[in-house]
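Let's walk through this one together, question by question. Have the model open beside you.

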Amino acid sequence: MVLIGVSSFIPQKSQKTNTVTATATEKEYVEFVQSNLKQIVKEISGDKSPKVFVTLETGIRREYAGETQDAKSQKTDENGEEISDDKKIKTITVKTSDGSESAVTVIEYMPQIRGVAIVCDGGQREEIREKIISAVTASLNITSKRVSVTGGQTQ
C-alpha cells in the first residue's frame, strides 16, 4: 500500500506527442504536416532524409461566440421600398489570467492544403511514387493532382 502511495508522487515520464495545439499558427500547422509526411515517406521509400514542402490554400479560420442583436435601420431602395432588419453580432469575450480580454473561440478550422512536393530517394520509381501519392492523398484528403513526388539527385 505504501508503494502505491509513494508511486503517485513520482513524476511520470512525459511522452512527446505529435499534435497541434488549439492555438496553432499556420507555420506550426505546416511544420506538423511536413513532419508527419516525412515519417510516411521514410517508411515507404527508405530515404532517411526526404524533403517535404507543403503550401496552404487558406489560413486558420476561427468562429467566435457571439450574440446577435437587431439593429433597426430603415433604408429605401430606388423603388421606394424599405430595406431593414440589419443584424449586428457582438462577440463574447472573457478575461484572461493576465487581465486582458479575448474572444471565445467556438470552432477553429485548420488551413486547407494547396499542394505537397516531395523529393526522396526512390521517388523516381513509379511504384514508390504511387505509394507515396496514395498515402499523402489519403492522409490529407487532397487529390493526386496536388501532390508531386520526384527522386533526389544521385551522387
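**Around a serine, then outward**

Reader: Which side chain has a polar atom 3.1 Å from the backbone nitrogen of D47?

Author: A polar contact here is a pair of N or O atoms within 3.5 Å; within protein, one must be able to donate a hydrogen and the other to accept it, and residues adjacent in sequence count only if both atoms are side-chain atoms. The backbone nitrogen of D47 sits 3.1 Å from such a partner. The side chain in question also has a polar atom 2.7 Å from the backbone oxygen of V41. That side chain belongs to S45.

Reader: Before we go on, what sort of model is this?

Author: Residues are numbered from 1 along each chain as its sequence is written, and side-chain values use heavy atoms, with hydrogens and water left out. Local features need pLDDT of at least 70, side-chain atom pairs count only at pLDDT 80 or more, and totals for chains, interfaces and linings use all residues, as this model is predicted.

Reader: Is S45 buried or exposed?

Author: Buried means under 20% relative accessible area, exposed over 50%, and partly exposed in between (1.4 Å probe, protein chains only). S45, in helix α2, has 18% relative accessibility, so S45 counts as buried.

Reader: Which residues does S45 touch, not counting those up to four places away in sequence?

Author: Contact means heavy atoms within 4.5 Å. With residues up to four places away set aside, S45 touches C120, D121, I128 and I132.

Reader: Which element gives the most to the largest nonpolar core?

Author: A nonpolar core is a set of buried Ala, Val, Leu, Ile, Met, Phe, Trp, Tyr and Cys residues joined through side-chain atoms within 4.5 Å. The largest one has 18 residues, and those with the most contacts inside it include L37 and I132. At least two residues each come from α2, β1, β10, α3 and β11 (helices, H or I, of at least four residues and strands, E, of at least two are DSSP runs, numbered from the N terminus). The top contributor, with 5 residues, is α2.

Reader: And what does L37 contact beyond its neighbours within four places in sequence?

Author: Leaving those neighbours aside, the list for L37 includes S139 and L140. The rest of it is V52, V54, V116 and V136.

Reader: How many helices and strands are there in the chain?

Author: From the N terminus, the order is α-α-β-β-β-β-β-β-β-β-β-β-α-β. The secondary structure comes to 3 helices and 11 strands.
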